[in-house]
Amino acid sequence: MRTVAPGRVNLIGDHTDYTGGLVFPMAIDRWTICEGEITDDHITMTSDDLEGVVQFPVGAPFTADMQPSWGRYIAAVASLVNPQHGVTAHLTTTIPVGAGLSSSAALELAVAYALTDDIEPTALALLMQQAEQRATGVPTGIMDQLCIASARQGMGTLIDCRSLDVQHVEIPTDVDIVVQFIAHRTLEGSEYADRVRECAQAEELIGPLRDAALSSVMSIEDDTIKRRARHVVTENQRVVDFTRALTSGDYSGAGALMHESHRSLSADFAVSTQQMDDVVESICAIPGVYGSRMTGGGFGGCIVTLCQPGTVLEGWKVKPVSAAHRAD
Ligand code: GLA
């Protein structure tokens, strides 16, 4: 038994998923692989990168004090997919951990496919979103799991996080997408949950942010809540505009929207860091660069850049790949 799950980079649309907004990530050519044997009644996992042996019986309830602690992810997945068998497997990955490239969602999907292969991708993504929340206690959205569960080779996934509709959008081959690692981070203990709460507060005032007009956002008195809402409403529009620009060959326009997205995440949503702001500004000044932005939850992680092929930048060039699956 061998399962494979890619990481993802989000091209645009951050901190919009948990208010039913729009996102445009793509699965990337970095993978977590789970390889082993189907067994009767125990789940046993080891990893190249994480210490210890995770072991528990099939059907065991999830406990947050699981040791080693990375076993929380495995136990959360197992508690949600109702496995009919055990597995003894080893995990390896080429996705940097804690870098905002969804190594945890890839882990969840790789383990899920090792335990079951009869749940369709959207249903599985919803279960794996719950697994992530159960394992970390962070109220994360659906973007990462749905992208990794549904991606297609050569395509980005334009996701409507309200209907869970996924449109597969061709990523042009005459641009490079480059990811640069900035700093390790974890969303546990970060202000991520505060942002989710602030968006909910905005929605109590003006209704669903997905439907809100900028004019009603501007009527919010509390300056912090107004800024958070302004980011979400303008970011949803940027996702639409970016998709149109990218698919019509207007790469400068697409890049300008990425840069705007970064500024909004930094100034209005307050999830960037000084270091990330500095790197984005200096990358955007390099000839051949269309645009650059932080990607994912923020507070560290990675920067993603759209540029002319062959532009020399720090980091690594990524390609859009297909969804998590059982490889044999
Ligand atoms: C993390 C979460 C996602 C999403 C992004 C921000 O990656 O897991 O659900 O909210 O942050 O866009």
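**Exercise 1. Which residues lie nearest the centre of the largest pocket, and which elements supply its lining?**

Solution. In this predicted model, 41 residues line the largest pocket, and Tyr73, Gly98, Ser103, Ser104 and Glu132 lie nearest its centre. Next, take the elements. Helix H1 (71-81), strand S5 (86-93), helix H2 (103-115), helix H3 (121-136) and helix H4 (143-150) each give at least two residues to the lining. The volume of the largest pocket is about 760 Å³. Sorted by class, its lining holds 14 nonpolar, 18 polar and nine charged residues.

**Exercise 2. Where does the largest pocket lie with respect to domain 1 and domain 2?**

Solution. Start with the bounds: domain 1 covers residues 2-170 and domain 2 covers residues 176-317. Then check the lining. Both domains give residues to it, so the largest pocket lies between them.

**Exercise 3. Describe the second largest pocket by volume, lining and class.**

Solution. The volume of the second largest pocket is about 210 Å³. It is lined by 13 residues, and those closest to its centre are Pro172, Thr173, Val175, Lys319 and Pro320. The classes in this lining are seven nonpolar, three polar and three charged residues.

**Exercise 4. Which parts of the chain does the salt bridge between Glu35 and Arg2 tie together?**

Solution. First, the contact: the closest N and O atoms of Glu35 and Arg2 are 3.4 Å apart, and the cut-off for a salt bridge is 4 Å. Second, the location. Arg2 belongs to strand S1 (residues 2-12) and Glu35 to strand S2 (residues 22-39), so the pair ties together parts that are 33 residues apart in sequence. Third, the accessibility. Glu35 is partly exposed at 43% relative accessibility, and Arg2 is partly exposed at 27%. This pair belongs to a structure that holds 20 salt bridges.

**Exercise 5. For two salt bridges in helix H7, Glu235 with Arg238 and Asp241 with Arg244, give the spacing of each pair and say whether each residue is buried, partly exposed or exposed.**

Solution. Take Glu235 and Arg238 to begin with. Their closest N and O atoms are 2.9 Å apart. Both residues lie in helix H7 (residues 223-247), with a separation of three residues, about one turn of the helix. The cut-off for buried is under 20% relative accessible area. Glu235 has 0% and is therefore buried, and Arg238, with 7%, is buried too.

Now take Asp241 and Arg244. Their side chains form a salt bridge with an N to O distance of 3.7 Å. The two residues are three apart in helix H7, which means a separation of about one helical turn. Asp241 is partly exposed at 24% relative accessibility, while Arg244 is exposed at 54%.

A last step looks at shared partners: salt bridges link Asp14, Glu235, Arg238, Glu260 and Arg293 into one network.

**Exercise 6. Why do Cys199 and Cys302 form no disulfide?**

Solution. The criterion is a pair of cysteine sulfur atoms within 2.5 Å. For Cys199, the closest cysteine sulfur is that of Cys161, 13 Å away, which is too far for a bond. For Cys302, the closest is that of Cys147, at 15 Å, again too far for a bond. The count for the structure is zero disulfides. Cys199 is buried at 0% relative accessibility, and Cys302 is buried at 0% as well.

**Exercise 7. Which peptide bond in the loop between S4 and H1 is cis, and what can be said of Thr63?**

Solution. The bond from Gln67 to Pro68 is cis, with omega near -10°. Pro68 is placed in the loop between S4 and H1. Thr63 lies in the loop between strand S4 (54-57) and H1. At 37% relative accessibility, Thr63 is partly exposed. Its C-alpha is 28 Å from the C-alpha of Arg8, and the two residues are 55 apart in sequence.

**Exercise 8. His15 and Asn82 have positive phi values; where does each residue lie, and is it buried or exposed?**

Solution. His15 has phi near 60°, positive in a residue other than glycine. It sits in the loop between S1 and S2 and is buried, with a relative accessible area of 4%. Asn82, also not a glycine, has a positive phi of about 55°. Asn82 sits in the loop between H1 and S5 and is exposed, with a relative accessible area of 56%.

Key:
Residues numbered from 1 in each chain as written. Predicted model: local features only at pLDDT ≥ 70, side-chain atom pairs only at ≥ 80, totals over all residues. Heavy atoms only, no water. 1 Å grid on protein atoms, 1.4 Å probe; cavity = no way out; pocket = protein on both sides within 12 Å on 5 of 7 lines; lining within 4 Å. Points joined across faces, edges and corners; volume = space filled by probe spheres on them. Nonpolar A, V, L, I, M, F, W, Y, C, P; charged D, E, K, R; others polar. Domains from an automatic or database assignment. Buried < 20%, exposed > 50% of the residue type's maximum accessible area, 1.4 Å probe, protein only.
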